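I opened this model to look up how its strands are arranged and how a few chosen residues sit among them. The entries follow in the order I made them.

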Amino acid sequence: MNAQLAGGLTDVNPSDYTKSAWKSVPQINNENDGDNYLVPVKVVKAQVQVVAGTNTVLEVLVAESTCSKGLQATQVTSDKCQLKSGGQRSLYKVSIWEKPWENFEQITAEKIRDVSADEKF
C-alpha cells in the first residue's frame, strides 16, 4: 500500500515537469559566472507537496547553452538556446511554490554539484 503523510512530499513523474524547470532559468543563472546561459536538460527527480499552495521540488540537470547572457533570461527557451558542445553541466535543486488564487509564484534554485560530461542520468 502506498501511503502518504498529509503535507508530505510525493514522488511524481519527472518528465511531466520539464516546462516547470524552464521557469527557473533566471534563478539558476544568478550564480552562473559564465558568458552563456545554463539551461535545463532533464528533470532527474520531481516531488510535489500540497501546503498553502503547491510546492514542487525538482532536481534538474542543466548545461551550458549557445545563448549569450546578452539575451534577457526570460527570453531563454529551448527553441532559441541549443546545448553548447562540451559545455559545463551541473545538478540543481529547484523549488517552485505556487498559490494560483493569489497570483503568487516563488522560485528558488540551489546548485547541488557539478556534473562530468560522461555522467549519465
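Before counting anything, I fixed the term: a residue is buried when its relative accessible area is under 20%, exposed when it is over 50%, and partly exposed in between. I also noted that this is a predicted model.

**Entry 1. Burial of β4 and β3**

I started with β4, which covers residues 89–99. Eight of its eleven residues are buried, so β4 is largely enclosed by the rest of the structure. I then ran the count for β3, residues 53–68. There, twelve of the 16 residues are buried, so β3 too is largely enclosed by the rest of the structure.

**Entry 2. The sheet**

I looked up the strand order next. The strands form an open sheet of five, ordered β1-β2-β3-β4-β5, and the pairing is antiparallel. β1 and β5 (104–115) are the edge strands, each pairing on one side only. From one strand to the next, the twist averages 25°.

**Entry 3. Pairings, strand by strand**

I went through the pairs from β1 onwards. How many bridges join β1 to β2? I found three, with the two strands running antiparallel. β1 spans residues 10–12, and β2 spans residues 36–51. Val12 stands opposite Ala46 of β2.

β2 and β3 are joined by 13 bridges, again antiparallel. The two strands make a hairpin with one residue between them. For a register check I took Gln47, whose bridge partner in β3 is Val57.

β3 pairs with β4 over ten bridges in the antiparallel sense. I noted two positions here: Val62 is opposite Ser90 in β4, and Ala63 is opposite Arg89 in β4. As a reminder to myself, side chains in a regular strand alternate between the two faces of the sheet.

β4 and β5 are joined by eleven bridges and run antiparallel. They form a hairpin with four residues between them. In that turn, Asn103 has a positive phi of about 55°.

**Entry 4. The end of the β4–β5 hairpin**

I stayed with this hairpin and looked at Phe104. Lys99 stands opposite Phe104 in β5. The charged end of Lys99 also sits over the ring of Phe104, 4.9 Å from the ring centre.

I then searched for aromatic pairs and found that the structure holds one. Why is the pair of Trp97 and Phe104 edge-to-face? The ring centres are 4.9 Å apart and the planes stand at 75°, so the pair is classed as edge-to-face; the class requires planes over 60 degrees apart. Both rings belong to residues with some accessible area: Trp97 is partly exposed at a relative accessible area of 29%, and Phe104 is partly exposed at 27%.

**Entry 5. Glu64**

I picked Glu64 because it is a buried residue, with a relative accessible area of 13%. Glu64 is found in β3. Leaving out residues up to four places away in sequence, I listed what Glu64 touches: Asn36, Tyr37, Leu38, Leu83, Lys84, Gly87 and Gln88.

**Entry 6. Asn32**

Where does Asn32 sit? I located Asn32 in the loop between α2 (25–29) and β2. Is Asn32 buried or exposed? Asn32 is buried, with a relative accessible area of 8%. The Asn32 side chain reaches the backbone oxygen of Asn36 at 3.0 Å.

Beyond its neighbours within four places in sequence, Asn32 is in contact with Tyr37, Leu38, Lys69 and Gln88. Tyr37, Leu38 and Gln88 had already appeared in my list for Glu64.

**Entry 7. Gly7**

Last, I checked a residue ahead of the sheet. Gly7 lies in the segment before β1. Gly7 is partly exposed, with a relative accessible area of 29%. Not counting residues up to four places away in sequence, Gly7 touches Gln49, Val50 and Val51.

I also took one long distance from Gly7. The C-alpha atoms of Gly7 and Trp22 are separated by 25 Å, with the two residues 15 apart along the chain.

Note on methods. Residues numbered from 1 in each chain as written. Predicted model: local features only at pLDDT ≥ 70, side-chain atom pairs only at ≥ 80, totals over all residues. Heavy atoms only, no water. Buried < 20%, exposed > 50% of the residue type's maximum accessible area, 1.4 Å probe, protein only. Contact = heavy atoms within 4.5 Å. Phe/Tyr/Trp six-rings, centres within 6.5 Å; stacked < 30°, edge-to-face > 60°. Lys NZ or Arg CZ within 6 Å of the ring centre and 35° of its normal. Pairing = 2+ DSSP bridges. Axes fitted to C-alpha atoms, helices over the stretch in contact; angles between N-to-C directions. Polar contact = N/O pair within 3.5 Å; in protein donor to acceptor, adjacent residues only side chain to side chain.
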